[in-house]
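Here's a protein to explore, with its sequence and its 3D structure side by side. Take a moment to turn it around, and then we'll walk through it together.

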Amino acid sequence: MCYRPSRRSHLVQPKDPVDPRKQDGVVYKIPCECGKVYIGETGGCMHERIIEHERDIRLSRTQTSAVSEHANKIGHYSLWDEVTFIDRDPHWYSHRVKEAIHIRLHPNNVDRYSGIEIPKACIPTIRQHD
């Protein structure tokens with residue numbers, strides 16, 4: 001008798017790795033063709049947040065999106081195929097702190113603000129561990 005996998009074999013198993021784009025509470029980086037980057041965080045799914053950024057650009061929503069402002073006012077294109085997952089933390093405050101750290105580690109960014117305040121005395125230590 002031939003082994004036939006059940007129809008349920010396509011379901012996610014407990015030890016299967018989860019695609020970072022489908023995880024909640026992530027920090028991510030969107031590169032631009034000019035070499036600058038946008039560092040963002042979301043409590044929701046990274047994939048959905050990227051779709052929101054693309055929509056903001058398409059609809060020229062520059063007041064609520066630094067990515068859209070850079071694309072629409074400067075005329076640069078985001079490199080959507082090169083968006084990367086940087087870090088993850090399920091706690092909202094922790095992933096916001098991680099976002100602030102990564103903004104400081106990537107000074108050539110298009111972010112409007114530098115995130116949660118990180119004491120200047122901590123920056124050299126953060127840079128050492130990058």
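Let's start at a small landmark: right after helix H2 comes Gly 75, and its phi is positive, near 90°. Before we go any further, keep in mind that what you're looking at is a predicted model.

Now step back for the overall plan. The protein has four helices and three strands. If you read from the N terminus, the elements come in the order β-β-α-α-β-α-α. There are 130 residues in the protein, and 34% of them are buried. The protein exposes about 9000 Å², and carbon and sulfur atoms supply 52% of that. What about contacts across the sequence? Taking the contacts with a separation of 6 or more, 50% are between residues 24 or more positions apart.

Back to H2, which covers residues 66-74. Which of its residues are buried? In H2, you'll find Ala 66, Val 67, Ser 68, His 70 and Ala 71 tucked away as buried residues. And what covers them? The cover includes strand S1 (24-31), strand S2 (37-45) and helix H1.

So how do H1 and H2 sit against each other? Two packed helices are described by the angle between their axes and the distance between the axes. Here, the axes of H1 and H2 come within 8 Å and cross at roughly 35°. The crossing of H1 past H2 is right-handed. On the H1 side, the contact is made by His 53, Asp 56 and Ile 57, while H2 brings in Val 67, Ser 68, Ala 71 and Asn 72. Sort those residues by class and you get three nonpolar, three polar and one charged.

Next, let's look at charges. Side chains of opposite charge can pair when their charged atoms come close. In this model, the count comes to seven salt bridges, and three of them are good stops on our tour. The first stop is in helix H1 (residues 46-58), where Arg 49 and Glu 52 both lie, three residues apart, or about one turn of the helix. Their side chains meet in a salt bridge, at 3.0 Å from N to O. Are these two residues buried or exposed? Arg 49 has a relative accessible area of 18%, so it falls under the 20% cut-off and counts as buried. Glu 52, at 35% relative accessibility, counts as partly exposed. Arg 49 has other company too: leaving out residues up to four places away in sequence, Arg 49 touches Tyr 28, Thr 42 and Asp 56.

Another stop is in H2, where Lys 73 forms a salt bridge with Glu 69, and the closest N and O atoms are 3.6 Å apart. Lys 73 and Glu 69 are four residues apart, about one turn of the helix. Lys 73 has 59% relative accessibility, which is over the 50% cut-off, so it counts as exposed. Glu 69, at 24%, counts as partly exposed.

Then there's the salt bridge of Lys 98 with Asp 87, where the closest N and O atoms are 3.4 Å apart. This pair links distant parts of the chain: Lys 98 is in helix H3 (residues 92-105) and Asp 87 is in strand S3 (residues 84-88), eleven residues apart. Lys 98 counts as partly exposed, with 22% relative accessibility, and Asp 87 is partly exposed at 22% as well. Salt bridges can also share partners, and here that joins Glu 69, Lys 73 and Arg 112 into one network.

Let's finish in strand S2, the place of Gly 40. How accessible is Gly 40? Its relative accessible area is 0%, so Gly 40 is buried. Which residues does Gly 40 contact, beyond its neighbours within four places in sequence? They are Val 26, Val 27, Tyr 28 and Glu 99. Gly 40 also takes us back to Lys 98: these two are 58 residues apart in sequence, but 9.8 Å apart in space, C-alpha to C-alpha. Try finding Gly 40 and Lys 98 in the sequence, and then pick them out in the 3D structure.

Methods
Residues numbered from 1 in each chain as written. Predicted model: local features only at pLDDT ≥ 70, side-chain atom pairs only at ≥ 80, totals over all residues. Heavy atoms only, no water. Helix = DSSP H or I, 4+ residues; strand = E, 2+ residues; numbered from the N terminus. Buried < 20%, exposed > 50% of the residue type's maximum accessible area, 1.4 Å probe, protein only. Contact = heavy atoms within 4.5 Å. Areas by Shrake-Rupley, 256 points an atom, 1.4 Å probe, with all protein chains shown as cover. Salt bridge = Lys/Arg side-chain N within 4 Å of Asp/Glu carboxyl O. Axes fitted to C-alpha atoms, helices over the stretch in contact; angles between N-to-C directions. Left-handed = near helix turned anticlockwise from the far one by under 90°. Nonpolar A, V, L, I, M, F, W, Y, C, P; charged D, E, K, R; others polar.
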